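Me: Please pick one part of this structure and take me through it closely. I would like one connected account, in plain terms, that also says how the part fits with what surrounds it.

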Amino acid sequence: MLRYIFRRIVFLIPVLIGVSILIFAIIRLAPGDPAETLLGPSATAQDLQELREQLGLNKSLVTQYFTFLTNTLKGDFGRSIRTNNPVLEELLDRFEPSLILALLSMTLAVAVGIPLGILAALRQNTWMDTLCNLAALLGFSLPGFWLGLMLMLLFSIMIPILPSSGYGAWQQLIMPTLVLSTNTMAVIARMTRSSMLEVVRQDYVRTAKAKGLSGRLILVRHILSNVLIPVVTVAGLHFGHMLGGVVITETVFSIPGVGRLIIDAIRFQDYPVVQGGILFFAFCLSLVNLGVDLIYALLDPRIKAQYRAG
Amino acid sequence: MPASTTPTPAKKDKRQSKIGEIWRRLKVNKGAVAGLVVILLLTAMAVFAPYLAPYGPNKMSAGPRLSAPSMKHPLGTDSFGRDQLSRIIYGARISLYVGFIAVGIGAVFGGFIGAVVGYYGGKVDNILMRMMDVLLAVPQIILAIAIVGALGANLVNLMIAVGVSQIPRYARIVRASALSVRGQEFVEAAKAIGASDLRIIMENILPNCMAPIIVQSTLGVASAILSAAALSFLGLGIQPPAAEWGSMLSLGRQYMRNAPHLTFYPGLSIAVVVLALNIFGDGLRDALDPKLRQ
């Protein structure tokens, strides 16, 4: 097991280096000179030159990339062009709202999505199943930003019981969490339902029934543990989608999180922050995927056995 | 479903009967048929927008601004006095256009990459799939935001950004199919008669991956339309004054208190398109893969 964890962590490094090259390339190959944006149209040629030298923009792209990479590995993401604060500091300052929002939403999505999927599968082809399926399709298709605005319209303007935006009080987290969890909840419910329908028809479930075990025992011991394996994978894969949703939800509800920071940074061509922010998201996503794989290995003894042997 | 490399009448019949069979399975699913009808209606609405819209998309009326829905303006007017119904009808053009082109970019590049790496395997496979892992390590919409942010916000860059961020999913699907097809006898037969690698990929590998590509593309158009609207909503996509649902929402948002119809209808339009595509895509998957149906 330890060897498996170790291998997975080693495997992460080239992916993250790849992401850093990708982001660096996208942002630096872009038209537009950050020095000009920063100093405005009134800047003299000399000022521009000095700033470029200060930011290292006059060196070759390869040199710039390696400086960026070695600094990043030392935990130095550079300084924000806009505020001149270290990027890492800005990211960590904004991390809390994003983390809380993502954790709450994932918890809600799992807590509602799994029971909903199980219910739909147990009552297959009844009105309850149809209703769950419809709700899941709807949750999967509604644009998050629109859902957010409609909730705002309903609960902040028409029946003013919730604050429309901002961050700090727990009431301000209710609508963003609902919005961010909807999509993942729908995906989890659908996955749980189809996985459940498949497992119920397996031979070992029939055997358990034939042995005369109670329905509840079969559900808990034989069905659920097998149903959860693909559900965990899908929830993990969907975490990336959720991180994307964080960006949009934070913008809709004016929450000062990492997503909002990236959007603002793009508008100001503050590329150290954009680079750092996206790398930060990719890092989080990779860590979550690593976690998912480990849970997966724990849930499924076949995988554990494979790595014990290998 | 091995296809012979030379076109014969028998092959054509077989293909037609296959499409017929898929249609027979699809039409049992009422939801999927409804989804298809909605998609066709919306496409017709987009194509015939100039004939259907009561006003031009950017025509500012002399009447009141931000007016609520009325007989004259069924969905009201926006802050410039433009008729919202007309803008929504025209908006279908941009959304469907962006959706289809973006998926085209993703499916063509992704499909080709997947077919090549699946067919050759080995080192090529390893390198390209690691590159796909890198693309997958960045959340799709954030990758699109970065691309649009770097290239500049306009229609073409939006399609590129959304399309590129969709490449990995097609690459993965086609690769998996290609891997399962490449060892089969009809591929070896094609090799034996001296067919070039390119010809084998185009004539033997790709046609056998069509089912998953079609399903994924249908669902992909839905997610591309959502991403494009989200980017426009963030101000990183289609720029005003173009009639686009996402940017209409972002404009209407400022008047939510007094003119909620400006945020309600554009979002509803996005939701309807995406829902129809998702329902149809689901039905199509069931129809193409009978194993999944109970």
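**The nonpolar core and its surroundings**

Reply: Chain A is divided into domain 1, residues 2-73, and domain 2, residues 91-268. The C-alpha centres of these two domains of chain A lie 35 Å apart. The model is predicted, and the part chosen here is the largest nonpolar core.

This core has 155 residues. The members that touch the most other members are A:Ile278, B:Val98, B:Ile142, B:Ile145, B:Ala146 and B:Ile225. Helix H4 of chain B, residues 84-120, provides the largest share of the core, with 17 residues. Domain 1 and domain 2 of chain A both contribute residues, so the core lies between them. As a general background, nonpolar side chains in soluble globular proteins tend to be buried together.

One of the most connected members can be looked at alone. What does B:Ile225 touch, leaving aside its neighbours within four places in sequence? The contacts of B:Ile225 are B:Ser95, B:Val98, B:Gly99, B:Ile270, B:Val273 and B:Val274. B:Val98 has thus already appeared, as another of the members with the most core partners.

The core has members from both chains among its most connected residues, which leads to the contact between the chains. There, 36 residues of chain B are in contact with 36 residues of chain A. On the chain B side, four helices each supply at least two residues: H5 (122-137), H6 (140-151), H10 (210-233) and H12 (261-288). Which of them gives the most? H6(B) does, with nine residues. By residue type, this side of chain B divides into 26 nonpolar, six polar and four charged residues.

H6 of chain B also meets a short stretch of chain A. Helix H11 of chain A, residues 258-267, is mostly covered, with eight of its ten residues buried. The buried ones are A:Val258, A:Gly259, A:Arg260, A:Leu261, A:Ile262, A:Ile263, A:Ala265 and A:Ile266. They pack against H5, helix H10 (215-252) and helix H12 (271-299) of chain A, together with H6 of chain B. After H11(A) comes A:Gln269, which has a positive phi, near 50 degrees.

Two other residues of chain A share that sign of phi. Most residues other than glycine have a negative phi. A:Asn84 is not a glycine, yet has a positive phi of about 65 degrees; A:Asn84 sits in the loop between helix H4 (61-73) and helix H5 (87-122) of chain A. Is A:Asn84 buried or exposed? A:Asn84 counts as exposed, because it has 7 C-beta neighbours inside 10 Å, and a residue with 12 or fewer is called exposed. A:Asn125 likewise has a positive phi of about 65 degrees without being a glycine, and is placed in the loop between H5 and helix H6 (127-141) of chain A. With 9 C-beta neighbours inside 10 Å, A:Asn125 also counts as exposed.

Back in chain B, the setting for its share of the core is helical: the chain has twelve helices and zero strands. Its C-alpha trace spans about 75 × 45 × 35 Å along the principal axes. Of its 294 residues, 48% are buried. Among contacts in chain B between residues at least 6 apart in sequence, 71% join residues at least 24 apart.

After H6 of chain B there is a loop that leads to H7, and B:Asn154 lies in this loop. B:Asn154 counts as partly exposed because it has 13 C-beta neighbours inside 10 Å. Helix H7 of chain B, residues 155-182, has 28 residues and reaches 39 Å from its first C-alpha to its last, close to the 40 Å expected. There is a kink of about 35 degrees in H7(B) at B:Gln166, shortly before the proline B:Pro168. H7(B) is mostly covered, with 21 of its 28 residues buried.

A last detail concerns the loop that follows H10 of chain B. B:Pro241 is found between H10 and helix H11 (245-252) of that chain. The peptide bond from B:Pro240 to B:Pro241 is cis, with omega near 10 degrees, whereas most peptide bonds are trans.

Note on methods
Residues are numbered from 1 along each chain as its sequence is written. Chains are lettered from A and ligands numbered from 1 in the order in which they are written. This is a predicted model: local features need pLDDT of at least 70, side-chain atom pairs count only at pLDDT 80 or more; totals for chains, interfaces and linings use all residues. Two residues are in contact if their C-beta atoms, placed from the backbone, lie within 7 Å. Ala, Val, Leu, Ile, Met, Phe, Trp, Tyr, Cys and Pro count as nonpolar, Asp, Glu, Lys and Arg as charged, and the others, Gly among them, as polar. Domain bounds come from an automatic or database domain assignment. A residue is buried if 20 or more other C-beta atoms lie within 10 Å of its own, exposed if 12 or fewer, and partly exposed in between; C-beta atoms are placed from the backbone. The expected span of a helix is 1.5 Å times one less than its number of residues. The bend at a residue is the angle between axes fitted to the seven residues ending there and the seven starting there. A nonpolar core is a set of buried Ala, Val, Leu, Ile, Met, Phe, Trp, Tyr and Cys residues joined through C-beta atoms within 7 Å.
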